[in-house]
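Trainee: Could you walk me through how the labels for this structure are assigned? I would like to see each value set against its cut-off.

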Amino acid sequence: MKSQTHFLITAIISLILVSCNSNVNQVPPPEPVYPIPTEAQLEWHEMELLAFIHFTTNTFTGVEWGYGDESPDIFNPTEMDVNQWMDILKDAGFEGVILTAKHHDGFCLWPSEYTEHSVKNSPYKDGEGDVVQEVSDASREHGLKFGVYLSPWDRNRADYAEPSYIDYYRKQLEEIFTQYGPIFEMWVDGANGGDGYYGGANETRIIDRETYYDWPNTFEFVRELQPEPKVLIFSDAGPDIRWVGNEQGWVSETNWNTINNDTLYAGKAGIENLLSTGSEDGTKWIPAEVDVSIRPGWFYHAEEDSLVKSPKTLFDIYLSSVGRGSNLLLNIPPDRRGLIHEEDAASLKKWREMLDDAFSNNFAEGALASADSYRGNASEYSPVNLTDGNKETYWATDDDISTGTIEISLVEEKEVNYVLLQEYIRLGQRVRSFSIDVWKGGQWEPAAEATTIGYKRIVEMDGVTTDNIRIHIEDSKASPVISAVEVY
Ligand code: FUL
């Protein structure tokens, strides 16, 4: 009797397994729409909030671009506390930190072996200090990834514009990547060439931005220095992350993660709009990163203490960056003490409270999600995946269906301010446009229209009161593949 029961149970289990398997076999997932992100890019997308730290001799001279003739004597933060920075950044929700290890003035925040123009000749810790070490250690201890900005343009260096400078630049990269890694992102600036000190020459030097740095080989060199974890390289042209084309804190509402970078290079003029929209038919996955400063300048200047962006402005910047599928790289420059100033800290704290208020109570959690169709009627692609809180599951349609209507029935009427959508970008970016209706006064009313989704899209809803939300995917490159709908 016991063995009969055992057999029966085994048979039932096998049947369930077979039917599950056959279901999977019968309804394969959608084919990717290429290009698609790499694993490292996917991890980057999930970081969403990155902090930029601009800190160097400019902090002490009060300028934005040092000429290159600054004496290392002036670099002397008196109350330096990188843990204070990290506590503030961590509490604000940042996942990574990018430090200006060297800005255009050429002063190195680490004791580079290849130049005298560095912290080693400053009064900071009697020349024994190493800011890159301090920041990389503290960021990791606080669970933040560490990245670097190493300006290619160097207004201090006598051989800038000569081939030998490229060798110097690469040696510096070698120091950074071997002593302070792993580096999650390497930030390549587009500002290049012009007047400067250049070892006393005091002249203007123009370089060919397209060819001088021999970027393909420099990037290859860096990748060999750090094969794993893979470093993501940022510049106007990628190859992994692209500049967004402005420094005001927004990416275009239509934001394709794809672009064709064959003719792009760091510092190329006239491509701002392209960088902000990407290209629907782009051949590479190169998402945009929105860099903006919490202050008017990138470096700390006391006279800008009253001009720190308000929590509300930062909140709007969040919506026009993260809310449009890009990562935000927000610059918070330490002051002459070597601390994040009280004004900046206060604004960040309130900003975090606003974000938590706005996005902590997801009304779609536990709501009923339905759709006019789903792929092969198979549960793996059912609309319930939209609200299950699992980013690895998704709703998708059959291959010949590139539109669809999703309905989210809330448990009760709510005042809705935001609808958040996410595409399952492992299979590529697909949606070209969508619209949202709300159920109001016994009928559907159009509430919003939008274009791309990508990693994340947050649509503002004006506080409408409703218990039913309908999303029409109106146009998509292929069957839509949506992993999340959240309602706030
Ligand atoms: C620009 C630089 O010239 C600014 O000084 C700053 O570093 C900003 C992030 O990039 O191109």
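Mentor: Gladly, starting with the ligand. In this predicted model, it is surrounded by Phe52, His54, Trp65, His103, His104, Tyr149, Trp187, Asp189, Ala191, Glu247, Asp291 and Trp298.

Trainee: What makes a residue count as near the ligand?

Mentor: One of the residue's heavy atoms must lie within 4 Å of the molecule. The model is predicted, so local features need pLDDT of at least 70 and side-chain atom pairs count only at pLDDT 80 or more, while totals for chains, interfaces and linings use all residues. Residues are numbered from 1 along each chain as its sequence is written, and side-chain values use heavy atoms, with hydrogens and water left out.

Trainee: How do the residues of the shell around the ligand divide?

Mentor: Six are nonpolar, three polar and three charged. Ala, Val, Leu, Ile, Met, Phe, Trp, Tyr, Cys and Pro count as nonpolar, Asp, Glu, Lys and Arg as charged, and the others, Gly among them, as polar.

Trainee: Why is the pair formed by His54 and the ligand called a polar contact?

Mentor: A polar contact is a pair of N or O atoms within 3.5 Å; within protein, one must be able to donate a hydrogen and the other to accept it, and residues adjacent in sequence count only if both atoms are side-chain atoms. An N or O atom in the side chain of His54 is 2.7 Å from an oxygen atom of the ligand, so the pair qualifies. Polar side-chain atoms of two other residues also lie by a ligand oxygen: Trp65 at 3.0 Å and His103 at 2.9 Å.

Trainee: How much of the ligand's accessible area does the protein cover?

Mentor: The protein covers 91% of the 290 Å² that the ligand has on its own. Such areas come from the Shrake-Rupley method with a 1.4 Å probe; for residues, only the protein chains shown count as cover.

Trainee: Why is Asp126 called exposed?

Mentor: Buried means under 20% relative accessible area, exposed over 50%, and partly exposed in between (1.4 Å probe, protein chains only). Asp126 has 69%, so it is exposed. Asp126 sits in the loop between β2 (96-102) and α5 (131-141).

Trainee: What makes the phi of Asp126 worth a remark?

Mentor: Its phi is positive, about 55°, although Asp126 is not a glycine. Most residues other than glycine have a negative phi. Ala161 also has a positive phi, of about 90°, without being a glycine. Ala161 lies in the loop between β3 (145-150) and α6, and its 31% relative accessibility falls between the two limits, so it counts as partly exposed.

Trainee: Which label fits Lys171, and where is that residue found?

Mentor: Lys171 has a relative accessible area of 30%, so it is partly exposed. Lys171 is found in helix α6 (residues 163-179); helices (H or I, at least four residues) and strands (E, at least two) are DSSP runs, numbered from the N terminus.

Trainee: Where are the cis peptide bonds at Pro182 and Pro239?

Mentor: One joins Gly181 and Pro182, with omega about -5°, and Pro182 is in the loop between α6 and β4 (185-187). Another joins Gly238 and Pro239, with omega about 15°, and Pro239 is in the loop between β7 (232-235) and β8 (241-243). Most peptide bonds are trans.
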